[in-house]
Amino acid sequence: MDVVVVTIIGAVLCGLWSARGKGRGTQTKFAASATLQAYIPPAIARREVIRYLTARGCTLVNGEGECDAFRRGEYLIRRLRGPGSAPWLAVPAILVAVCYESQRKLVLHMRISLDPLVTASASGAGYFQEQARAEFSQVLGYLSQIACEYAQRPGEQKRRRRPNHRWYTGNEERPRAQEAPRSADPLDADLAVLGLKRGASSDEVKRAYREACRKYHPDRLNGQNVEPHLVELAVQRFKEVTAAYQRLRERMAQHA
C-alpha cells in the first residue's frame with residue numbers, strides 16, 4: 001500500500017514539474033490589426049506611432065523597412081505574476097508596429113510579446129493580454145485623432161501626394177528639421193544602453209555589461225524555441241551593449 005501511495009505522489013510531482021517546465025518555454029503574445037476610418041499617409045502614421053511609443057518609454061531598436069520594433073521595461077523583472085507584480089510600462093516587452101495602406105485606407109498592425117527571458121503565471125498572462133489590448137486601443141485612438149486632423153487640411157494632402165507640382169517649394173520639411181531636438185550626450189547615451197546614469201563607477205559599468213551579456217548573448221537563445229525576429233532583436237541589442245561598453249572603457253581609460 002505504501003509503495004502505491006509513493007508511486008502516485010511521485011507521478012503527480014513529476015507531472016507538476018513537467019507542466020512548470022513547459023510554462024517557462026511559452027511566451028505571452030498579443031497581435032491585432034485595425035483600419036482607420038480617416039485616411040493618413042503611412043509615412044506620417046509611422047512617424048506618429050514612433051513618437052507616441054517613445055513617449056511611453058519605448059526604445060526603437062529596428063526601424064528599417066516598413067516594420068518598427070521597440071523594447072521597453074525593467075530588465076530586472078524575470079517573472080510576471082499578476083497585476084500587482086509590476087506596472088505595465090515596467091514589464092519587459094517587445095513591440096512591433098506596421099502602418100500600411102490598403103484600398104485607400106490606413107491599416108495599423110501591432111504585435112506585443114513578453115520578453116523571451118521573462119516567464120508569466122496564468123494571472124500574469126491575463127494581465128499581459130488585458131494591458132496589451134488596451135495599449136493597442138490607445139495607439140489606434142491616437143492615430144485616429146491625427147488622421148481626423150489631417151483630413152481637415154486638404155491643401156497639405158495635395159502637397160504630400162504631388163511633391164513635383166508647380167507650386168511645391170520644397171521647404172515643407174525645413175521647419176521640422178529646425179525643431180528637431182538635439183542629440184543626447186554620447187556618454188549619457190552609452191550609459192543608458194547599460195541601464196546606468198552619469199556618475200556610475202567602473203565596477204557598476206562592468207557589472208551592468210556582464211548582466212546584459214547574460215540576457216542578450218545569442219548563444220543563450222539557442223534551443224529555447226525563440227522566434228527568429230526575437231533572436232535578431234537580441235543580437236542587435238547585444239551589439240549595441242558591446243559597442244557602448246567599449247566606448248565607456250576607452251573613456252574610463254583616458255580619465256584613469
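What is the volume of the largest pocket? The answer is about 640 Å³. A pocket here is an open set of points on a 1 Å grid over the protein atoms alone, with protein on both sides within 12 Å along at least five of seven lines. Grid points are joined across faces, edges and corners, and the volume is the space filled by probe spheres set on the points.

A word on the model itself: it is predicted, so local features need pLDDT of at least 70 and side-chain atom pairs count only at pLDDT 80 or more, while totals for chains, interfaces and linings use all residues. Residues are numbered from 1 along each chain as its sequence is written, and side-chain values use heavy atoms, with hydrogens and water left out.

The protein chain holds nine helices and seven strands, taken as DSSP runs (H or I, at least four residues, for helices; E, at least two, for strands) numbered from the N terminus. Of its 256 residues, 35% are buried, meaning under 20% relative accessible area with a 1.4 Å probe, protein chains only. Among contacts (heavy atoms within 4.5 Å) with a separation of 6 or more, 64% join residues 24 or more positions apart.

Strand β5 (residues 93–102) makes a good starting point. Seven of its 10 residues are buried. Strands count as paired if DSSP finds at least two bridges between them, and β5 has antiparallel pairings with β3 (residues 67–72), over six bridges, and with β6 (residues 105–114), over 10 bridges. Val98 in β5 stands opposite Cys67, while Ile94 has Ser113 in β6 as its bridge partner. Two residues sit between the strands in the hairpin of β5 and β6, where Gln103 has a positive phi near 55°.

Both β5 and β6 also feed the largest nonpolar core. Such a core is a set of buried Ala, Val, Leu, Ile, Met, Phe, Trp, Tyr and Cys residues joined through side-chain atoms within 4.5 Å. This one has 39 residues, and Leu108 and Phe128 touch the most other members. The top contributor is α3, with 10 residues. Leaving aside neighbours within four places in sequence, Leu108 is in contact with residues including Ala32, Val49, Val98, Phe136 and Leu143. A second, separate core has 14 residues, among them Leu191, Phe238, Val241 and Leu248.

Leu191 belongs to helix α6 (residues 186–193), where the buried residues are Leu187, Asp190 and Leu191. Down the helix axis these fall within an arc of 100°, so they line one face of α6; the arc is that of the directions from the axis to the C-beta atoms. After α6 comes Gly195, with a positive phi near 75°.

Gly195 leads back to the pocket. The lining has 23 residues (each with an atom within 4 Å of a point), and Glu74, Tyr75, Leu194, Gly195 and Lys215 lie nearest the centre. Helix α7 provides the largest share, six residues. Ala212 lies in α7 (residues 202–216), and Ala212 is buried at a relative accessible area of 8%. From Gly195, Ala212 is 17 residues away in sequence and 9.3 Å away in space, C-alpha to C-alpha. Not counting residues up to four places away in sequence, Ala212 touches His217 and Val241.

Notes: Buried < 20%, exposed > 50% of the residue type's maximum accessible area, 1.4 Å probe, protein only. 1 Å grid on protein atoms, 1.4 Å probe; cavity = no way out; pocket = protein on both sides within 12 Å on 5 of 7 lines; lining within 4 Å.
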